[in-house]
Amino acid sequence: MPAALAVFFPLRYTRRCLAKILVTGGAGYIGSHTRYFLEQHGHSVIVVDNLSRGYREAVPDNELRVLNLQDTGKLTDLLQQEKVEAVIHFAAYISVGESTQRPELYFSNNTAGSLSLFEAMLQAGVKRVVFSSTAAAYGIPDRVPISEDQPFAPINPYGESKVMTEKILEWLDRFREFRSVRLRYFNACGASPEAGLGEMHDPETHLIPLILRAVQTGKPVTVFGDDYPTPDGTCIRDYIHVSDLAEAHIFAVEHLLNGGASDVFNVGTGSGHSVKEVVASVERVTGKKVPFTLGPRREGDPPSLVADSSKLQKNLGWKPKRADLDQIVADGWQFANRRLIEAS
Ligand code: UFG
């Protein structure tokens with residue numbers, strides 16, 4: 001494209017690189033959505049998942065390779081045989097509570113597993129990775145909205161396991177020309193009814209699916225504390241639609257495929273909603289009362305986590321398209337009802 005024209009088109013549109021991309025953890029919640037959107041954009045995908053927490057039915061059979069990240073040799077062979085050009089790395093355990101009970105599990109699965117993957121990539125000569133990091137890297141932030149320059153201060157082993165992996169990536173960038181985009185997610189939620197995909201964790205610990213389940217079953221959900229320093233006393237989070245989050249990965253991987261430098265971005269909407277606001281949204285969308293009880297604070301919950309994602313918007317041209325909370329809840333509700341019908 002002539003340079004004069006390139007001025008009028010963002011980098012993303014100057015060169016569409018359709019590539020072979022390996023997605024680890026592609027049978028999980030965010031991974032399966034990203035696999036779907038990668039294909040919608042014309043990329044081809046291979047999924048590596050050990051199915052310990054993912055769902056076989058979330059991935060077409062011909063794309064799934066059931067493999068452990070710790071198996072460096074098999075990963076190296078796969079990367080070479082499939083001529084993979086970039087990796088999007090989701091595979092990880094994500095439960096904050098579990099990480100405080102079994103920290104070793106998180107450092108082994110999340111940090112050592114990532115290192116094994118990066119070693120395999122180096123051996124196979126694949127040097128581009130998008131890594132799923134987390135707002136938990138910031139701990140209890142000094143300032144909200146949170147920008148990427150706030151320091152690492154995780155308050156649980158889950159957050160620390162991700163911070164350690166981010167640091168490995170910084171060193172690999174510096175000394176091994178290994179390029180990465182680290183995406184720090186805020187609260188992923190919602191579903192893609194058009195793709196038949198949605199949130200399924202076992203056990204479920206996340207707020208929106210638990211509230212939807214309370215509406216379905218009549219069994220109350222517990223609101224963890226209403227004495228936080230927020231306007232209604234309940235915790236505030238930045239709820240980002242999983243499809244918007246998935247699309248951020250497309251921008252990130254295409255940035256790397258186009259020769260872009262390593263970088264780090266927050267992925268959120270920039271708007272926060274309290275637990276009580278989420279309850280109200282579910283009541284609007286479902287037309288039903290949410291049964292809930294008030295409980296004590298949950299250990300390790302910061303009062304407010306809201307992203308400043310202006311860097312991602314400015315540098316890569318990403319924008320959240322489904323930021324309306326009622327829309328997020330409506331998509332989650334549609335998926336939860338479909339699961340209920342399938343289970344009965
Ligand atoms: N909550 C309740 N009752 C519940 C579950 C949650 O009141 O039964 C509250 C929590 O206290 C919190 C809010 O709802 O204030 C959201 O809780 P989630 O468990 O849905 O999500 P978290 O904010 O704890 O964590 C999520 C991801 C983490 C990630 C973090 C970043 O699970 O991996 O977002 O913001 F690090």
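Accessible areas here come from the Shrake-Rupley method with a 1.4 Å probe, and for residues only the protein chains shown count as cover. On that basis the protein chain exposes about 15300 Å², with carbon and sulfur atoms supplying 52% of it.

A word on ground rules. This is a predicted model, in which local features need pLDDT of at least 70 and side-chain atom pairs count only at pLDDT 80 or more, while totals for chains, interfaces and linings use all residues. Numbering runs from 1 along each chain as its sequence is written, and side-chain values use heavy atoms, with hydrogens and water left out.

**Overall build**

The protein chain comes to 12 helices and 14 strands, taken as DSSP runs (H or I, at least four residues, for helices; E, at least two, for strands) and numbered from the N terminus. Its radius of gyration is 20 Å, close to the 20 Å that the globule rule gives for 344 residues, so the chain is as compact as a globular protein of that length. That radius is taken over C-alpha atoms, and the rule is 2.2 Å times the number of residues to the power 0.38. Along its principal axes, the C-alpha trace spans about 55 × 45 × 40 Å.

Of the 344 residues, 53% count as buried (under 20% relative accessible area, against over 50% for exposed and partly exposed in between, with a 1.4 Å probe and protein chains only). Take contacts (heavy atoms within 4.5 Å) between residues at least 6 apart in sequence: 78% of them join residues at least 24 apart.

**Two helices**

The expected span of a helix is 1.5 Å times one less than its number of residues.

| Helix | Residues | Expected span | End C-alpha distance |
|---|---|---|---|
| Helix 7 | 157-176 (20 residues) | 28 Å | 27 Å |
| Helix 12 | 325-343 (19 residues) | 27 Å | 27 Å |

Buried residues of helix 7 include Pro157, Tyr158, Lys162 and Leu172. Their cover includes helix 5, helix 6, strand 5, strand 6 and strand 11. Right after helix 7 comes Glu177, whose phi is positive, near 50 degrees.

Over in helix 12, the buried set includes Leu325, Ile328, Asp331, Trp333 and Phe335. The buried residues of helix 12 pack against strand 7, helix 8, strand 10, strand 12 and helix 10.

**Two serines**

Ser132 is found in strand 5, and at 4% relative accessibility it counts as buried. Leaving aside neighbours within four places in sequence, Ser132 is in contact with His89, Phe90, Lys162, Leu183 and Tyr185. The side chain of Ser132 also reaches the backbone oxygen of His89 at 3.1 Å.

Ser274 sits in strand 12 and is buried too, at 3% relative accessibility. A polar contact of 2.6 Å joins its side chain to that of Asp232. Such a contact is a pair of N or O atoms within 3.5 Å; within protein, one must be able to donate a hydrogen and the other to accept it, and residues adjacent in sequence count only if both atoms are side-chain atoms. Not counting residues up to four places away, Ser274 touches Asp232, Thr234, Cys235 and Ile236.

**The cysteines**

Cys235 brings up disulfides, and the structure holds 0 of them (the cut-off is a pair of cysteine sulfur atoms within 2.5 Å). The sulfur of Cys235 is 15 Å from the closest cysteine sulfur, in Cys189, which is too far for a bond. Cys235 counts as buried at 5% relative accessibility, and Cys189 does so at 2%.
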